[in-house]
Amino acid sequence: MVDVLTDWFKANYHWITLAIVLHVIVLGTVAYLILLERKIASWVQDRIGPNRTGLGFGIIPILKNFKFWGLGQPMADGLKLFLKEDYRPKHVDKILFSLAPMVMMTVIVISIATLPWGGWVGEKETIDVTAQAIASAGQSAAANAEYAAAIQAAIPPGNELIGVPVFAQDNGQVTATFWHGWMFQIANLNIGVLYILATLSLAVYGVVIGGYASNNKFSFLGGLRATANMISYEIPLGLAVLTIVVMYGTLNLAELVEVQAHSWYGVLPAWNIFCQPLAFVMFLICILAEANRAPFDTAEAEQELVGGYHTEYSSMRLGLLLLAEYAGMITTSAICVALFFGGWDFPGLRGHLNPAHPSLVDSVWVAIARAAVFYGKALLIISVFMWVRWSLPRFRFDQIMTLAWRGLIPIALLQLMATAFLVYYWGGEGRQYMRINGWHALMMFGMNALIAVVVMVGSTFLPPAPQTNRRVHVPGSRFNQTALPASLN
């Protein structure tokens with residue numbers, strides 16, 4: 001049994017190590033995102049923000065007088081949540097009340113698995129397949145099987161074949177040259193995009209269960225709002241993602257990043273943000289709504305619902321709900337980077353070992369540098385999340401629904417149909433390795449601009465949205481006359 005486990009670990013140590021390291025980094029980042037948000041809020045409001053709590057927490061003698069720019073604040077907040085009373089009201093559903101935070105955190109953690117952090121780390125190898133060629137002479141199908149078996153036997157455990165082997169013959173000797181390696185990614189799924197969207201959509205269950213189990217009218221209303229909010233915005237979110245999927249014909253996140261790893265006209269990075277800006281704007285709005293972030297945070301709405309779905313929570317149950325929100329921001333921002341900002345792609349980090357696979361490199365340090373670039377891009381998107389929160393007021397609930405059903409969904413459908421028409425018109429001609437060339441990118445950008453003009457002009461002919469918040473005359477009310485002087489009434 002020990003030998004079996006040892007062999008399994010040797011064959012899979014790449015992704016086991018990645019899984020541990022990446023989850024530690026992501027979950028550690030979650031804690032410090034709270035500090036980042038408080039600092040951004042202070043910058044927006046012209047304040048200093050947290051800068052007093054050092055790593056000594058005021059009690060460790062050596063570190064007592066060092067503030068470290070407030071870097072100890074997240075750890076102090078976590079310690080406070082651990083030490084607070086874990087209060088659970090009598091009227092709650094005990095099982096569901098504890099299950100809700102677990103569901104939200106679990107969903108976010110498992111969704112990290114398919115993020116493509118750094119492409120392929122490979123190694124070139126050449127083997128002699130003369131014996132296989134002689135044994136299968138005249139039998140093409142058998143020859144392919146013989147070659148495949150020989151190549152597979154030469155690949156080390158835990159590695160995979162990358163691309164197509166190249167066969168050469170010299171003086172009767174037949175050789176096969178190929179690349180093999182491992183992905184700087186925890187799990188490479190062919191349906192990676194679908195997997196992440198499906199798992200993130202399960203987060204709504206945590207909000208709904210928490211609001212329902214609390215047996216509190218404010219919590220229940222928060223859960224209902226979150227349900228309607230998330231379900232409505234999942235439609236344009238899925239359509240925006242489908243626009244990118246139609247362009248390249250794959251649901252594999254690693255492949256979607258790889259096809260963006262080149263430049264248009266040798267200058268502009270071939271990132272989808274430049275050819276599909278409208279899809280990016282819709283995707284950004286939708287992930288803000290999916291994460292229940294301002295200005296879509298009606299599920300919490302302190303002015304109306306006290307705290308919404310987590311009103312009755314305290315201690316680490318509340319901590320898990322809050323951490324799940326920030327962890328969800330990391331995951332959705334990472335997807336945004338992979339779909340629209342080229343993922344790990346950055347000048348100087350593209351591999352040149354195989355033209356069909358620019359993600360292939362022969363150094364793990366390059367893969368680590370790529371992961372740092374991917375991580376940095378995701379942090380920039382998260383900063384936009386926080387900037388928006390402290391810049392825009394919360395929308396009314398009817399405004400949120402109107403934006404989704406009368407605005408984003410029709411635009412997303414129009415853009416998806418236009419993209420599908422262009423891809424059909426191209427017919428694959430000139431799209432080497434299913435990449436978008438410069439001319440195609442210009443056509444896509446022009447299509448986005450045309451849709452924006454059509455929507456702006458067409459919206460002027462649409463009937464106005466129902467006035468759900470209109471003033472109603474109440475006979476005998478003391479508010480019929482204002483307190484202003486008669487000359488101003």
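This is a guided tour of the structure above, stop by stop.

**Before you start**

The model is predicted: local features need pLDDT of at least 70, side-chain atom pairs count only at pLDDT 80 or more, and totals for chains, interfaces and linings use all residues. Residues are numbered from 1 along each chain as its sequence is written, and side-chain values use heavy atoms, with hydrogens and water left out.

Helices (H or I, at least four residues) and strands (E, at least two) are DSSP runs, numbered from the N terminus.

**Stop 1: helix α2**

Select residues 73–83, which make up helix α2. Color Q73, P74 and L81. These three are buried (under 20% relative accessible area; exposed is over 50%, partly exposed in between, with a 1.4 Å probe and protein chains only). Now look down the axis of α2. The buried residues fall within an arc of 100°, so they line one face of the helix. That arc is taken from the directions from the helix axis to the C-beta atoms.

Turn to the face of α2 that points away from the buried side. F82 and L83 are there, and both are exposed. Next, show α1 (2–44) and α13 (315–340). Both are among the elements that cover the buried residues of α2.

**Stop 2: salt bridges**

Stay with α2 and select D77, then add R38. Their side chains meet in a salt bridge, 3.2 Å from N to O. The term means a side-chain nitrogen of Lys or Arg within 4 Å of a carboxyl oxygen of Asp or Glu. The pair links distant parts of the chain: R38 sits in helix α1 and D77 in helix α2, 39 residues apart. R38 is partly exposed, at 35% relative accessibility. D77 is partly exposed too, at 21%.

How many salt bridges are there by this rule? The count is nine.

Move along α1 to E37 and select R293 with it. They form a salt bridge, with the closest N and O atoms 2.7 Å apart. Again, distant parts of the chain are linked: R293 is in the loop between α11 (277–290) and α12 (302–305), E37 is in helix α1, and 256 residues separate them. Are these two residues buried or exposed? R293 is buried, with a relative accessible area of 1%. E37 is buried as well, at 3%.

Add E325 and R389 to the selection. Together with E37 and R293, they are linked in a network of salt bridges.

One further pair is R396 and D398. Their side chains form a salt bridge at 2.8 Å, N to O. R396 is partly exposed at 35%, and D398 is partly exposed at 23%.

**Stop 3: R435**

Select R435, in the loop between α15 (397–426) and α16 (438–459). What is the nearest side chain of opposite charge? It is E258, 6.1 Å away; R435 is buried yet has no salt bridge. For charge, Lys and Arg count as positive and Asp and Glu as negative, while His and the chain ends are not counted.

Now show the backbone of P355. Its oxygen lies 2.9 Å from a polar atom of the R435 side chain.

Display what R435 touches, not counting residues up to four places away in sequence: Y248, E258, V259, H262, P355, A356, H357 and P358. Contact means heavy atoms within 4.5 Å.

**Stop 4: strand β3 and its partners**

Select residues 173–183, strand β3. Eight of its eleven residues are buried. Two strands pair if DSSP finds at least two bridges between them.

- Add β1 (residues 120–128): it pairs with β3 in the antiparallel sense over nine bridges. Label T126 and its bridge partner in β3, T177.
- Add β2 (residues 160–170): it pairs with β3 in the antiparallel sense over eight bridges. Label E160 and its bridge partner in β3, G181. Then find I162, which stands opposite W179 in β3.

Finish at the hairpin of β2 and β3, which has two residues between the strands. Select N171 there; it takes a positive phi near 55°.

**Stop 5: A226**

Select A226 in helix α8 (residues 217–248). A226 is buried, at 0% relative accessibility. Leaving aside neighbors within four places in sequence, A226 is in contact with V204, V207, N292 and A299.

For a last distance, pick the C-alpha atoms of A226 and G211. They are separated by 9.6 Å, and the two residues are 15 residues apart along the chain.

Conventions
Polar contact = N/O pair within 3.5 Å; in protein donor to acceptor, adjacent residues only side chain to side chain.
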